[in-house]
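Hi everyone, thanks for coming. I'll walk you through one protein model today, so have a look at the screen while I talk.

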Amino acid sequence: MIKQLTSTRFLVLSLVIIAVASTRALPYLIPHLWNFSAVYALGIFAGSQFQDKRLALAMPLGAMALSDLFIGQGFSLMVYAGFIVIVMCGIAIRNHITVTNVALASIIGAILFFLITNFAFLYPTTQYPHNMSGIITSYVMGLPFLRNALISDLIFAPVLFYGFYFLEKRYPVLARS
């Protein structure tokens, strides 16, 4: 584990994760882009790149927590639970990284995140009635957020996966050992 933490691959992956987590601030800089960030693609990417599942989870969750400190979003257990599901989608494709698998993991991860968080945020508020109609309304109102998450995945997943692939080819020390 210590050898892995001091490897060049780990250090570069860590820097990529921290840089990408900063995209969570995009909605504060560019109006009307809520849920448009690289954070979903980051979860898939981190899950697929770290051999140690603990690091695959800890690195992106730590980066999210750090970004939460700066953007003042606050901690939401259900958001982090949804993000863990996204990372698990990345872990699921770790040994079979293909364009199709990355796309499927990204779509499934975003949809599961949407389902988990929209259901969870229905109940602490009085914005929607706590019945089937309220649940449906909560999901319908969340569709623009899901759309933005899926669009951002279409942009950021290829950037992360192909970008790191080309880095590995250019700098073999970054390749998995």
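Let's start with Arg9. Leaving aside its neighbours within four places in sequence, Arg9 is in contact with Gln49, Phe164, Glu168, Val173, Leu174, Ala175 and Arg176. Before I go on, please keep in mind that this is a predicted model. So where does Arg9 sit? You'll find Arg9 in helix H2, which covers residues 8-21. Is Arg9 buried or exposed? Arg9 has a relative accessible area of 10%, and the cut-off for buried is under 20%, so Arg9 counts as buried.

One of those contacts, Gln49, takes us to the next helix I want to show you. Helix H4 runs over residues 39-49, and H2 packs with H4 at an angle of about 170°. The axes of the two helices are 11 Å apart. Now, anything over 145 degrees counts as roughly antiparallel, so that is what we call H2 and H4.

Which residues actually meet there? On the H2 side we've got Arg9, Leu13, Val16, Ile17, Val20 and Ala21, and on the H4 side they meet Leu42, Phe45, Ala46 and Gln49. If you sort the residues of this contact by type, you get eight nonpolar, one polar and one charged.

Okay, let's stay with H4 for a minute. How many of the residues of H4 are buried? Eleven of the eleven, so H4 is largely enclosed by the rest of the structure. You can click through them on your own screen: Val39, Tyr40, Ala41, Leu42, Gly43, Ile44, Phe45, Ala46, Gly47, Ser48 and Gln49. And what do these buried residues pack against? Their partners are H2, helix H5 (53-71), helix H6 (77-92), H7 and H8.

Let me pick one residue out of H4, and that's Gly47. Gly47 has 0% relative accessibility, so Gly47 counts as buried. If you don't count residues up to four places away in sequence, Gly47 touches Ala56, Val87, Gly90, Ile91 and Arg94. Here's a distance you can check as well: Gly47 and Ala58 are eleven residues apart along the chain, and their C-alpha atoms are separated by 9.9 Å.

Over to H5, where I'd like you to find Leu61. Leu61 is at 18% relative accessibility, and with the cut-off for buried at under 20%, Leu61 counts as buried too. Beyond its neighbours within four places in sequence, Leu61 is in contact with Tyr80, Phe83 and Ile84. There's also a link back to Ile17, one of the H2 residues that meet H4. Leu61 and Ile17 are 44 residues apart along the chain, with 9.8 Å between their C-alpha atoms.

Now for a loop. Between helix H3 (26-29) and H4 there's a loop that holds Leu33, and Asn35 lies in the loop between H3 and H4 as well. Leu33 has a relative accessible area of 23%, so we call it partly exposed. Asn35 is partly exposed too, with a relative accessible area of 27%. Try counting along the chain from each of them. Leu33 and Ser152 are 119 residues apart in sequence, yet 9.8 Å apart in space, C-alpha to C-alpha. Asn35 and Arg147 are 112 residues apart in sequence, and 8.5 Å apart in space, again C-alpha to C-alpha.

Next up, some empty space. The second largest pocket holds about 430 Å³. Its lining has 21 residues, and Thr98, Val99, Val102, Ala157 and Phe161 lie nearest the centre of the pocket. Which elements give two or more residues to that lining? They are H4, helix H7 (99-120) and helix H8 (132-170). H8 gives the largest share, ten residues. By type, the lining divides into 14 nonpolar, three polar and four charged residues.

Last, let's zoom out to the whole protein. There are eight helices and zero strands, so to speak an all-α line-up: α-α-α-α-α-α-α-α from the N terminus on. Of the 177 residues in the protein, 43% are buried. And if you take the contacts with a separation of 6 or more, 71% of them are between residues 24 or more positions apart.

That's my tour, so please shout if you'd like to go back to any part.

Technical notes
Residues are numbered from 1 along each chain as its sequence is written. This is a predicted model: local features need pLDDT of at least 70, side-chain atom pairs count only at pLDDT 80 or more; totals for chains, interfaces and linings use all residues. Side-chain values use heavy atoms; hydrogens and water are left out. Helices (H or I, at least four residues) and strands (E, at least two) are DSSP runs, numbered from the N terminus. Buried means under 20% relative accessible area, exposed over 50%, partly exposed in between (1.4 Å probe, protein chains only). Contact means heavy atoms within 4.5 Å. Axes are lines fitted to C-alpha atoms, for helices over the stretch in contact, and angles run from 0 to 180 degrees between N-to-C directions. Angles under 35 degrees count as roughly parallel, over 145 as roughly antiparallel, 65 to 115 as roughly perpendicular and the rest as oblique. Ala, Val, Leu, Ile, Met, Phe, Trp, Tyr, Cys and Pro count as nonpolar, Asp, Glu, Lys and Arg as charged, and the others, Gly among them, as polar. On a 1 Å grid over the protein atoms alone, a cavity is a set of points where a 1.4 Å probe fits but cannot get out, and a pocket is an open set with protein on both sides within 12 Å along at least five of seven lines; lining residues have an atom within 4 Å of a point. Grid points are joined across faces, edges and corners, and a volume is the space filled by probe spheres set on the points.
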